[in-house]
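Morning, everyone. I have one model to walk through today. Let me put it up.

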Amino acid sequence: MSNLKYFDAAAVKKPVQSPKAAIYTEFLRTGRINRHKDNWDATKRRYLTHDEVAARTGKKLETAGTVTHERINGFHQSIQFPKMLFHRTLAGSPHLGYCHVTAARTKFAKFDDVRWSFYIANFFSDIGDDERFFDKIKMGYSRMYFAVATEMDAEAGKLSINRAIHQNGLLFRTRDPKEALKNVLMLGARNEQLRRIISSL
C-alpha cells in the first residue's frame with residue numbers, strides 16, 4: 001500500500017469560462033469588468049505527501065472524538081469519562097486511522113476490575129493479534145467504534161490489550177454510533193439501576 005498517491009480534491013476546480021463576447025459588451029450587459037484570468041489546468045493535480053494526508057486524517061479523527069466524548073458525557077452527570085484524545089494513522093495508508101477517546105475502569109461480566117479504552121476508527125476491520133492489530137481491513141468509509149480491555153505491561157512499560165477478558169480483549173465493536181454510545185455508557189454505569197435505564201434505551 002506504500003505506492004498510494006493522494007491528491008487535493010478541493011484544489012481541482014473547473015476552469016472559469018472566459019466570456020465569449022467582447023469585454024465592453026460584457027460590461028454593458030453585467031456592469032462588471034472581468035479582470036480575472038484563471039490559469040488553472042484541471043488536468044494537473046497537486047499531490048499530497050503522506051504527512052499532509054496523515055495530518056488531515058488526524059484532524060478529522062480528533063474532531064469526531066471530541067464530538068463523541070461530549071455526547072457520552074452529556075448523557076448523565078453521574079457517568080463522566082476523562083477526555084483522553086490522541087490519534088494514530090496506519091503506516092503506508094495515512095488516510096486510515098483511529099482515535100482514542102477515553103479510558104476508565106469498570107466491572108465487566110465476572111471480572112471485578114477491568115481497565116478499558118474506547119476508540120473510533122475511520123474504517124471497519126477485524127481485531128487481530130499484537131503484531132497486526134487491525135486485520136482484514138474493509139476499504140470503505142464506514143466508522144468502527146470499539147472498546148478493548150487493557151492492562152499494564154510491566155516489561156514494556158506501557159498499556160497492552162488484556163486478551164484474557166471477553167473475546168480476545170475486545171469488549172465491543174460496532175458500526176452504529178448509537179449502539180457504541182449505549183455500550184460505553186453501560187461500561188461507565190456505577191450501579192444496576194443506571195444499567196437498567198441504559199439498556200432500556
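Which exposed residues sit on the face of helix 4 turned away from its buried side? Gln193 and Arg196. Before I go on, a reminder: this is a predicted model.

Now the other side of that helix. Helix 4 covers residues 192-199, and its buried residues are Leu194, Arg195 and Ile198. Look down the axis and those buried residues fall within an arc of 100°, so they line one face of helix 4. The general background is familiar: an α-helix has 3.6 residues a turn, so residues three or four places apart point the same way.

Next, the nonpolar interior. The largest nonpolar core has 21 residues. Which of them touch the most other members? Ile79, Trp116, Phe118, Leu171, Phe172 and Val184. Several elements give two or more residues to this core: strand 5, strand 8, strand 10, helix 3 (177-188) and helix 4. Apart from that core lies another one, of 13 residues. Its members include Leu96, Tyr119, Phe146 and Ile161.

Stay with Phe118 for a moment. Set aside its neighbours within four places in sequence. Phe118 is then in contact with Thr68, Ile72, Cys99, His100, Val101 and Thr102, among others. The list also includes Tyr145, Phe146 and Ala147. Phe172, Ala180 and Val184 are on it too. Note that Phe172 and Val184 came up a moment ago, among the core residues that touch the most other members.

On to strand 10, residues 170-174. Strand 10 is mostly covered, with four of its five residues buried. Strand 8, residues 144-153, is joined to strand 10 by four bridges, and the two run antiparallel. One pairing to click on: Val148 has Leu170 as its bridge partner in strand 10.

Strand 10 also brings us to the charged pairs. In general, side chains of opposite charge can pair when their charged atoms come close. How many salt bridges does the structure hold? Three.

Take Asp126 and Arg173. Their side chains meet in a salt bridge at 3.1 Å, N to O. Asp126 lies in strand 6 and Arg173 in strand 10, so this pair ties together parts that are 47 residues apart in sequence. Arg173 is partly exposed, at 32% relative accessibility. Asp126 is partly exposed as well, at 23%.

Asp126 has another partner. The side chain of Lys138 meets that of Asp126 in a salt bridge, 3.8 Å from N to O. Lys138 is in strand 7, residues 134-138, and Asp126 is in strand 6, so this pair links parts twelve residues apart in sequence. Lys138 counts as partly exposed, at 36% relative accessibility. Which residues do the shared partners join into one network? Asp126, Lys138 and Arg173.

Then there is Asp113 with Arg105. That salt bridge has its closest N and O atoms 3.7 Å apart. Arg105 is partly exposed, with a relative accessible area of 44%.

Back to strand 7 for a backbone point. Lys136 is found there. Its phi is near 55°, a positive value in a residue other than glycine. As a general matter, most residues other than glycine have a negative phi. Is Lys136 buried or exposed? Exposed, with a relative accessible area of 56%.

Last, two asparagines. Start with Asn122. Where is Asn122? In the loop between strand 5 (111-121) and strand 6 (124-127). A polar atom of the Asn122 side chain lies 2.9 Å from the backbone oxygen of His95. The Asn122 side chain also reaches the backbone nitrogen of Gly97, at 2.9 Å. Beyond its neighbours within four places in sequence, Asn122 is in contact with Thr57, Leu61, His95, Leu96 and Gly97, as well as Gly140, Ser142 and Arg143.

Now Asn73. Asn73 lies in helix 2, residues 50-73. The relative accessible area of Asn73 is 17%, and the cut-off for buried is under 20%, so Asn73 is buried. Which backbone atom does the Asn73 side chain reach? The nitrogen of Phe81, at 2.8 Å. With neighbours within four places set aside, Asn73 is in contact with Ile79, Gln80 and Phe81. Ile79 is also one of the core residues that touch the most other members.

That's the tour. Over to you.

How values were computed:
Residues are numbered from 1 along each chain as its sequence is written. This is a predicted model: local features need pLDDT of at least 70, side-chain atom pairs count only at pLDDT 80 or more; totals for chains, interfaces and linings use all residues. Side-chain values use heavy atoms; hydrogens and water are left out. A polar contact is a pair of N or O atoms within 3.5 Å; within protein, one must be able to donate a hydrogen and the other to accept it, and residues adjacent in sequence count only if both atoms are side-chain atoms. Contact means heavy atoms within 4.5 Å. Buried means under 20% relative accessible area, exposed over 50%, partly exposed in between (1.4 Å probe, protein chains only). The arc is that of the directions from the helix axis to the C-beta atoms. A salt bridge is a side-chain nitrogen of Lys or Arg within 4 Å of a carboxyl oxygen of Asp or Glu. Two strands pair if DSSP finds at least two bridges between them. A nonpolar core is a set of buried Ala, Val, Leu, Ile, Met, Phe, Trp, Tyr and Cys residues joined through side-chain atoms within 4.5 Å.
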